[in-house]
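This report describes selected strands, a helix, the cysteines and a pocket of one protein model. The sequence and structure are shown first.

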Amino acid sequence: MFKNYFKIAVRQLRKQKMYSVVKIGGFALSIAACLLITLFIRDELGYDKSYPDAGRIYRVVGNAIENGATVKWVSFPAPMAGAMKKDFPEVEKAGRLMPNSLFPGAGSNEMRTSDKIENSFEEGFTYADQGLIDILKIPAVYGDISQALKQPNTIIISKSKADKYFPGQNPVGKTIYFNNNTNQPRTITAVVQDIPANSHLNKFNFILTLSGIEWWKNEQNDWDGNNYVDYVLIKPGTNITAFEKKLTTDLVHNYYLPTMLKDGDKNAEKELASFKVQLQPVSDINLYSYDIQDGLSHGDIRFVWLFAAIACFILVIACINFINLSTAKSANRAKEVGLRKVVGSHRSGLVQQFLTESVLFSLLSFVAGLLLAWILLPYFNTLASKSLNIPWHAWWLAPVMLGAALIVGVLAGLYPSFYLSAFKPVRVLKGDISRGSKNATLRN
């Protein structure tokens, strides 16, 4: 029976070519738009989840009220990471990142290898300590990543930069110079896989060591400056809310308050009254940092929800359009329905027939929509500043697309199926087929 339904559906498809093109084409455009938005949302929600211990990695955030407004920031004094690791057993590891381009070597540099004369301009330099590398566990291609930044004047480079400057070689132990400063050579100690595009650290291809560096005298004991972004790896089972309160209280009383009083700040206690230390999950940095002063370009969870709503709206409109096109052809199908009922067809059989046609249209639309999304993806990447790809090799792609096509086909075809199958044979054969045109509430 299904084979017969399918043959009739194909016959209808071939018989009404323009109608089929409009119906499938419109649906395909909507599906392509939904697919592109879905890829965008999937990428945004997948930020910073590639680290092995991503569920236990947090960025330290400061929170205070200034002039009646809440202010959040991520820059802290040089000794803070060490203090958290030393004073709090809940902290398994702590590390620092210093991305501030105002300091020598961070941001961009003229760079060359020791055997070259000409320089190349490169961006994506940052400073970090070994603690941060131990927390992130970025996969190494060459070298011992666990020792890579422990010595002064060492540097980690990404695989893409290693391939650029040392094609086909293991560059560990090689020397590079910045800005023609041959008095301070940097030794490559490790090559790591490129940081994924959906990471808030993706712009960094060169990681310089913080070992042996003090930007000013006694910086390692100075709680006045705020230049370092701190990350911590929290031990399993830690109550984050309770730990944040403990962290705030102890840091204020043991470090911040004594330093401010020593500097002669008589309003220190009042200024620190609203100060809080918060721990932000690393996977939240991209989407939940719109109110944090961190100097990064990142997404916004509010826009993700907005795009998700737009995708759903487009799909709903596409389904309604699908229904409209089906019911608009009711006059053409009325005689068919009437004759089928006269010769003994049951309404259930007619419903199945029309649902088969709907699912066939949906399947063809999804295939066309997927191909259209693939064609438009490069333009979408340019528009969204992304590097998205359709996961052709993912095991879930075919089942998800097939399941979605079946669900959408059935849901979009339910109303037309029951509507068309409800025509009365007597009224149809007498030429009275205006019943559909008077009941156009949903179509309107």
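How many residues lie between β1 and β2 in the hairpin that they form? Two residues separate these strands, and Asn67 in the turn has a positive phi of about 55°. The model is predicted, so local features need pLDDT of at least 70 and side-chain atom pairs count only at pLDDT 80 or more, while totals for chains, interfaces and linings use all residues. Residues are numbered from 1 along each chain as its sequence is written, and side-chain values use heavy atoms, with hydrogens and water left out.

**Strand β1 and its partners**

Helices (H or I, at least four residues) and strands (E, at least two) are DSSP runs, numbered from the N terminus. Two strands pair if DSSP finds at least two bridges between them. The pairings of β1 are listed below.

| Partner of β1 | Bridges | Sense | Bridge pair |
|---|---|---|---|
| β2 (residues 69–73) | five | antiparallel | Ala64 opposite Val71 |
| β12 | three | antiparallel | Arg59 opposite Tyr231 |
| β13 | six | antiparallel | Arg59 with Gln280 |

Arg59 thus has a place in two of these pairings, facing Tyr231 in β12 and Gln280 in β13. Strand β1 is mostly covered, with eight of its 10 residues buried. Here buried means under 20% relative accessible area, exposed over 50%, and partly exposed in between (1.4 Å probe, protein chains only).

**Helix α3**

Helix α3 spans residues 80–87, and its residues Met80, Ala81, Ala83 and Met84 are buried. Seen down the helix axis, the buried residues fall within an arc of 165° (taken from the directions from the axis to the C-beta atoms), so they line one face of α3. These residues pack (heavy atoms within 4.5 Å) against β1 (57–66), β3 (75–76), β4 (91–98), β12 (228–234), α6 (240–262) and β13 (276–281).

**Cysteines**

With a disulfide defined as a pair of cysteine sulfur atoms within 2.5 Å, the count is zero. For Cys312, the nearest cysteine sulfur is that of Cys34, 7.5 Å away. For Cys319, the nearest is also that of Cys34, at 8.9 Å. Cys319 counts as buried because its relative accessibility is 16%.

**Largest pocket**

A pocket is an open set of points on a 1 Å grid over the protein atoms alone, where a 1.4 Å probe fits, with protein on both sides within 12 Å along at least five of seven lines; lining residues have an atom within 4 Å of a point. The largest pocket has 26 lining residues, of which Asp43, Tyr47, Ala197, Asn198 and Lys386 lie nearest its centre. Helix α2 (residues 17–45) gives the most to this lining, with five residues.
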